[in-house]
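Me: Could you take a close look at one part of this structure, a helix and its surroundings? I would like a connected account rather than a list.

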Amino acid sequence: MLMTFLRRVGLYALTLLLASMLVFIATEVLPGDALEVSLTADEIAMMNPEDLARKRHDLGLDRPAPVRYFEWLTGAMRGDFGKTILGGTPVVEIIREPVKNSLLLAAVTALVAIPVSLLLGIVAAFWRGRLPDTLASMGAVIGYSIPEFASGNLLVLVFAIWIPVFPAVILAFADAPPSALLAVSVLPVATIVFGSIAHLVQLIRTGLIESLASDYVERARFTGLGELRLILRHALPASVIPALNSAALYVAGLLSGIVVVEKVFGYPGLGMILLQAVDKREVPIVQAISLLAALAVVSMNLLADLAVAALDPRARSR
């Protein structure tokens, strides 16, 4: 198990390194640089070559790209993502509270979505081919097919305009206490939960149906176990293994969904900061958030791989 752990960690560390290279190339090496952000085209045209060279030196653009990448990566490993181009504010100070808020939104979503998905998936598998299964499957397909911005706007229309019980836009500040932030974030949480449940129910239902058709479950059924106990004791643990990797891959899509939801409701998380940074072409902020998103995806996949290896000895040799 130790060798499996070290092998998986090494593989995902390499993956994260490659992701950091892609982030840097996409934001620093492609045409257009930070100089175009700090100065307008007219200002650049009016400056003499000496002043332009000094400005480029101040932004560190006169150094080779590999040197800038190494300095950025080593700084990021220490938690230092540099400073903003406009204003020179440390990036960490800008993203500290939004990171906490996005993690809070993701944690609440998981606490709600996972139990509900398990319940609906078990119901659908238990009454496979019957009305509960049909309703759960149809609801999952509908929920999975509707993008977050559409379901979010629909919830706003119903529960903020037609039946005004929740605020349509979050007016809380980024440094608001978690309790105050969650009190006005019912609709954003519901929007993400709706899409997450739609995906997870399908995974759980499919895994349970496959497990219920396996030989060892059939043998357990012959011992006289009830169907519900059979699902909970034998089929559900086995169905978790194939669902783990699929659920980890879904995190990548969930991250983009959170960005959209935060924009729709004005939630003070990383999504809002990222969109503002892209609009202002604040490269250091875009780099920091992109690297954190890659770290989240890699970490979730690593945890899923290790969980599968712990549950299934056959996976340890892969």
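Reply: A crossing counts as right-handed if the near helix is turned clockwise from the far one by less than a right angle, and as left-handed if anticlockwise; helix 6 passes helix 10 in the right-handed sense. The model is a predicted one, in which local features need pLDDT of at least 70 and side-chain atom pairs pLDDT 80 or more, while totals for chains, interfaces and linings use all residues. Residues are numbered from 1 along each chain as its sequence is written, and side-chain values use heavy atoms, without hydrogens and water.

Helix 10 spans residues 186-212 and helix 6 residues 91-126, helices being DSSP runs (H or I) of at least four residues, numbered from the N terminus. The two pack at an angle of about 40°, and their axes lie 7 Å apart (axes are fitted to C-alpha atoms over the stretch in contact, with angles from 0 to 180 degrees between N-to-C directions). Their contact comprises 21 nonpolar residues, four polar and one charged, where Ala, Val, Leu, Ile, Met, Phe, Trp, Tyr, Cys and Pro are nonpolar, Asp, Glu, Lys and Arg charged, and the others, including Gly, polar.

Helix 10 also contributes three residues to the lining of the largest cavity, the most of any element. One cavity of 30 Å³ or more is found in the whole structure (points on a 1 Å grid over the protein atoms alone where a 1.4 Å probe fits but cannot get out, with lining residues having an atom within 4 Å of a point). The largest cavity has a volume of about 40 Å³, taken as the space filled by probe spheres set on points joined across faces, edges and corners. Among its lining residues are V186, L187 and P188, together with F166 and F265, and by class the lining has nine nonpolar residues, one polar and no charged ones.

Methods. 1 Å grid on protein atoms, 1.4 Å probe; cavity = no way out; pocket = protein on both sides within 12 Å on 5 of 7 lines; lining within 4 Å.
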